[in-house]
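Q: I am new to reading protein structures and would like a close look at one part of this one. Could you walk me through it in plain words?

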Amino acid sequence: MTGSLLFRLAILVVIVVLTTQMATIWMAAGERRKLVDKQIYAQVVDTLAFMEGSMDGMDTPERLEFLNSYNRPGLTRLLLPEAAEKVTFDDDLPRPAVALIRHLGMGLDEKIEAHMVQQGERNELWLRVHVLGKPYWLAIPFGRYSDRPILSIIQAAILASLFATLLASLVAWRITRPISQVVTASRQLAKGNMPSRIEECGPRELQALARGFNQMAQALDTAARERRLMLAGLSHDLRTPLTRMKLMVEMQEPGPDTQDMLSDIDELSRIVQQFIDFARAEETVKREPVALAELADSVVARFRRDGLDISLKREAEPELMGDALALERLLSNLLENARRYGAPPVRVEVAQQAGFANLSVVDHGNGIPASLRETALAPFERLAEHRGTDGGSGLGLAIVSRVVKQHHGQLSFENEAGGGFRIRIRLPLQA
């Protein structure tokens, strides 16, 4: 899941959305700070200008009376210097206060003394200022100007991020679904099964991909059906003249070459039968309950009657869903290979383990070299030492491999510890 295109697109969307929202919050917070700084600075400047204008021309008693009537708790106040004796200063200034001092110092061209004062539950910023040439303390309520988090913006950003992520994930899923369908269909095609037609939807490029895959799958299926028809028809047509040739040879007077001619005709008939079996191995498997041990016993008995030194070891009695005729061809080809290329005695083993039926054929020959085992499974491929000497067609293991794939099984080659060679096949009980 973590390596899928959908997951990576979702991660990309989350990163982009979060980065965008964080940048938006950062810019909004910065603009808010600038606005707060301007408001505080404008309030202080306007207050000082108002005080100077109002007290200009007043004597000292009139100024005191004006300040007593102007100053109100919780509002901006202009206090006499001795008011500082009744409060405790705190020099730990918040950021807006530092910005205000810097701006006032630049505007008034002087160093501003500032302190924080706790007045009950209120925080006030006290500034040392001069009004009409006399020193005063300007007390500004500062609770409203603290750098509180922009909760409303953060909440809106979180909701917008969740909505954008869900919407983008839905769009990403819609985009990647046709690709997932192509991947699933390609896996079915690789197993030898004809997949269902893929819906040609989504963006133009994905429609072209689905259309191209459908055309490719249809072309492969058509080619496979034509190959099966040609191979089966040709093999079937060859059986009639071979049967006629064998009958003619048997009806003639026995001669020194008669037995060799009959053997050659039987060999040709066997190769033709392998061609037919190979063509049938591409057909759709018919699922029905198959008692694997009983099937193996029947095939082993037939080869034993033909003179092969063979035994059957029934460790279990598995029953699986499969094609009985295809499984019979599979085991017959394995035993025919063991007779031709292995060494007696030959042993067939039937077992069951963890939802799988195990079918093994063991002989005492040299087996197949590890470097040639994949090659041996290809159609018409034969090992160099057997070419032109055994009369084989190179289809035995190819038929076995196709039947195993049709039953969703596994085929493996193993060298026996005490000498010999084992071909092991694992077939799921429920295909």
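Which side chain meets that of Arg314 in a salt bridge?

A: Happy to help! Please keep in mind that this is a predicted model. The partner is Glu317: its side chain and that of Arg314 meet in a salt bridge, at 2.9 Å from N to O. Arg314 counts as partly exposed because its relative accessible area is 33%, a value in between the limits of 20% for buried and 50% for exposed.

Now let us look at the sheet around this spot. Strand β7 covers residues 310-314, and β7 belongs to an open sheet of five strands. The order of the strands is β7-β9-β10-β12-β11, and their pairing is mixed. Strands of a sheet pair through backbone hydrogen bonds, either parallel or antiparallel. Here β7 and β11 stand at the edges with a single partner strand each, so one side of each has no neighbour in the sheet. On average, neighbouring strands of this sheet are turned by 15° against each other, direction ignored.

Two helices lie across the sheet strands. Helix α7, residues 292-305, lies across β7, β9 and β10, and runs at about 170° to β7. Helix α8, residues 324-341, lies across β7, β9, β10 and β12, and its angle to β10 is about 20°.

Let us move on to the other edge strand, β11. Strands β11 and β12 run antiparallel and are joined by six bridges. As for Phe413, its bridge partner in β12 is Ile423. Side chains also link these two strands: Arg424 forms a salt bridge with Glu414, and their closest N and O atoms are 2.8 Å apart. Arg424 sits in strand β12 (residues 421-428) and Glu414 in strand β11 (residues 410-415), 10 residues apart along the chain. Both ends of this pair are partly exposed: Arg424 because its relative accessibility is 25%, and Glu414 because its value is 26%.

There is a network of salt bridges to find as well, linking Arg347, Glu349, Glu416 and Arg422. For the wider picture, the count of salt bridges comes to 13. One of the salt bridges elsewhere joins Arg95 to Asp37, with the closest N and O atoms 3.2 Å apart. That pair links helix α3 (residues 95-108), which holds Arg95, with helix α1 (residues 5-55), which holds Asp37, across 58 residues. Arg95 counts as partly exposed because its relative accessibility is 30%, whereas Asp37 is buried because its relative accessible area is 11%.

Terms used
Residues numbered from 1 in each chain as written. Predicted model: local features only at pLDDT ≥ 70, side-chain atom pairs only at ≥ 80, totals over all residues. Heavy atoms only, no water. Salt bridge = Lys/Arg side-chain N within 4 Å of Asp/Glu carboxyl O. Helix = DSSP H or I, 4+ residues; strand = E, 2+ residues; numbered from the N terminus. Buried < 20%, exposed > 50% of the residue type's maximum accessible area, 1.4 Å probe, protein only. Pairing = 2+ DSSP bridges. Axes fitted to C-alpha atoms, helices over the stretch in contact; angles between N-to-C directions. Contact = heavy atoms within 4.5 Å.
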